[in-house]
Amino acid sequence: MVASTDRAPGSSPAARGKIGFVGATLLTLAAVGCSAGGRPIAGDDAAAAFGAISVAEARPIAVAGEPIVLFLNPIPGPDPAGRVIPAELDDGTRLRGEVHRLYIGDPIGPPNWLGHARRWAAGVVRAEQSETRSERSRFRHSIDVAIVEPIPAAGGAVLRIAGATVPLDRRGAPDPDSAARLAAGTPTPLGVDSPGAIVGLFAALQPGLEDPSIRWRGLLLADRLERAGLSSIAERIRATRPTGVAVAAVARSIEVRWRLALGRLERIDAGLAADLLARLTLIVTTPDGVAIPAWTPPRADTGLDIMLEDLLNSSLSDTDAAARVRAWLAEGAEFLAWVIDDAGLSAPGAGVVLTRAGIVDFSGRGGIAQATLDGAGAPGPRLSVAPYSPAIVAASAPIEPGAASITVEHLGSSVVLSAAGRALDAGPPGFRVGPALEPWSLETWRAGSPVVAGGDRATLALLRRRVGGAWEIYIECRTPPEPPPGDRVRLWLGPTGRPFAALVADARGFIFDELMEQPEVSAPRTPIVISRRGDRWSCVIDLPERAIEPPGVVRIALERLDDAGDRRTWPRPMMPGQIEPGRALVSLTRWLGFDPARE
């Protein structure tokens, strides 16, 4: 799988300036004002209360009309809890500041597309009280910040606050005309031209809009959407704000930094700035027509903080700043490919396996894509891929036991993906179906690293033969202490898109074939035995004879789902909007004593 590095050559965070301190962890933070509460600490008492503030940035940016957010080295002792402290500029201007400890939760996790988003909160946080189990987040990390009220447009450039003397990098406010020109210079994001698509895109974005490390991208994207005439979703994005004034201040701070950086680049090279904005707010459509963010997740190794520092570094020449942006853009992947369906559209009777892979263009240029299975035989059909658009490429080969791979070519480069495009042998005591995988998220999709659904959502099955000769599937499902409503397993049997059966086993104790469901008539429900033991339930499903295809193979997929819409699948994760999982091809012919020609 292709994954974007988005890293400028030679941009080691350890070797670069001071913005990198916060950039690698936070990257986006906002300033909307200071709260009215808190207990004032006067003069030397402020230093005594905190042991003197230590600012992590050598020269923090102070933007006219915006509160100043100072990222601090950790303050010993208890949570400062929004204490008010005096601050003063070197021209005598007195200001009001507050010190906050901001708590950052674990990643929200699947099934959210922006599963790397984190919850933020200010004030004393106790994990066991602040979060329910279902919210999957615990506040394990914290940062200390000082938020100072906005400074005048002109005047002092050195801030004295709680024992610290802080030289400021004073800047004017971001130019709204520059932002409008940039938004006009980028193409309309794809796949957001219908009410359903808008709802889907907002659902994918929403978890990240309250996270300061992600929100700035959503706000820049809102500019593009509004320029494209999609003001409704733009307003919904802007209206989804972080919780708490202090967290919002941090979010606004980084948004302003990015707007300043893009404004400088727009003055240097408007076309290059538009290219950068398009990459930072990249939206693509999936093969199922769903619009999703496809930008690089905010990690220390992406180089985003270094590029931001370069663009904000007034001592770096315009030529060098633009060159470093071009290098960052060049380092990014031009396309991404992933296996959608290992063998669901194969022709077992003809001895042919067909594997399909999805591809999405990141380059903005489009091109021709093609796939080859196992690097041998004739390549699959050549397909045109439009800029920022998807396609599905396919390749075939003779059915044989063993491992397989599919090579996807696009824009003069290729990527090799592992595939189960060969027949997988079933043998005693059984063939393991699973474990179920979490749906793709932005981070796992770009990295090509599926995540096993573990803990209280773990799901596994075993395809096996009974003594009498019939085939069955044993299924075991872990559950949380409070199982979700509608907890069930679906077995897909037969070709992708044209299954022979979609057997649903419900944790309440019945089974039915979903293919028999009608708009006003439910499929017949048959009771089955559900075994419950501690934190799990299990059942056994008979494999229908029609699911065994000549020459003794089964096309199968496993899905765990519930009424809340959570879906875990095997053999492949699901993309947003994907209806069916792809299939694995399992051969039963090597099972001792099984001869499909006689049975």
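Q: What makes the charged end of arginine 236 one that sits over the ring of phenylalanine 202?
A: In this predicted model, the charged end of arginine 236 is 3.9 Å from the centre of that ring. The distance cut-off is 6 Å, with a further limit of 35 degrees from the ring normal. The value is within 6 Å, and the charge is listed as sitting over the ring.

Q: Which ring does the charged end of arginine 525 sit over, and how far is the centre?
A: The ring belongs to phenylalanine 512, and its centre is 3.6 Å away. Again the distance is within 6 Å.

Q: Why is the pair of phenylalanine 362 and tryptophan 445 called stacked, tilted or edge-to-face?
A: A pair of aromatic rings is described by the distance of the centres and the angle of the planes. Here the centres of phenylalanine 362 and tryptophan 445 are 6.3 Å apart, and the planes stand at 75°. Pairing requires centres within 6.5 Å, and edge-to-face requires planes over 60 degrees apart. Both conditions hold, so the pair is edge-to-face. By this rule there are 7 aromatic pairs.

Q: What makes this a pair that links distant parts of the chain?
A: The two residues are 83 residues apart. Phenylalanine 362 is in the loop between β13 (352-361) and β14 (367-373), while tryptophan 445 is in helix α12 (residues 442-447).

Q: How do you know whether phenylalanine 362 and tryptophan 445 are buried or exposed?
A: Buried means under 20% relative accessible area. Phenylalanine 362 has 2%, so it counts as buried. Tryptophan 445 has 0%, so it counts as buried too.

Q: Which residues form one aromatic cluster with Phe362 and Trp445?
A: Trp113 and Trp338 join them in that cluster.

Q: What places Trp113 and Trp445 among the residues singled out in the largest nonpolar core?
A: The count of other members touched. Trp113, Val284 and Trp445 touch the most, in a core of 38 residues. Several elements supply at least two residues each, among them α6 (212-227), α7 (231-239), β12 (335-341) and α12. The largest share, 5 residues, comes from α5. There is also a second, separate core of 32 residues, including Val433, Trp471, Ile473 and Trp570.

Q: Which residues does tryptophan 113 touch, leaving out those up to four places away in sequence?
A: They are Ala204, Ile292, Pro293, Trp440, Ser441, Leu442, Trp445, Met575 and Pro576.

Q: Why is helix α10 called mostly covered?
A: In α10 (residues 304-312), 9 of its 9 residues are buried. They include Leu304, Asp305, Glu309 and Asp310.

Q: What makes β15 and β18 the edge strands of their sheet?
A: Each pairs on one side only. The order in this open sheet is β15-β14-β17-β18, and the pairing is antiparallel. On average, neighbouring strands are turned by 30° against each other, direction ignored.

Q: How do you know that β14 and β15 are paired?
A: Pairing takes at least two bridges. β14 and β15 are joined by 3, so the condition is met. One bridge partner is valine 385 in β15, opposite glycine 367.

Q: Why is isoleucine 53 classed as buried or exposed?
A: Its relative accessible area is 6%, and the limit is under 20%, so isoleucine 53 is buried. Isoleucine 53 lies in the loop between α2 (44-50) and β1 (61-63). Apart from neighbours within four places in sequence, its contacts are Leu72, Ile85, Val99, Ile161, Ala162 and Ala164.

Q: What is notable about the phi of alanine 162?
A: Most residues other than glycine have a negative phi, and most peptide bonds are trans. Alanine 162 has a positive phi of about 45°. Alanine 162 is in the loop between β7 (158-161) and β8 (164-167). At 8% relative accessibility, this alanine counts as buried.

Q: What is the phi of alanine 81, and where does alanine 81 lie?
A: Phi is near 55°, a positive value in a residue other than glycine. Alanine 81 lies in the loop between β2 (68-72) and β3 (83-89).

Q: How do you know whether the peptide bond from proline 110 to proline 111 is cis or trans?
A: Omega is near 5°, and the bond is cis. Proline 111 is in the loop between β4 (94-107) and β5 (118-122). Another cis peptide bond joins glycine 434 and proline 435, with omega about 5°. Proline 435 is in the loop between β20 (431-433) and α12.

Notes:
Residues numbered from 1 in each chain as written. Predicted model: local features only at pLDDT ≥ 70, side-chain atom pairs only at ≥ 80, totals over all residues. Heavy atoms only, no water. Buried < 20%, exposed > 50% of the residue type's maximum accessible area, 1.4 Å probe, protein only. Helix = DSSP H or I, 4+ residues; strand = E, 2+ residues; numbered from the N terminus. Phe/Tyr/Trp six-rings, centres within 6.5 Å; stacked < 30°, edge-to-face > 60°. Axes fitted to C-alpha atoms, helices over the stretch in contact; angles between N-to-C directions. Core = buried A, V, L, I, M, F, W, Y, C linked by side-chain atoms within 4.5 Å. Contact = heavy atoms within 4.5 Å.
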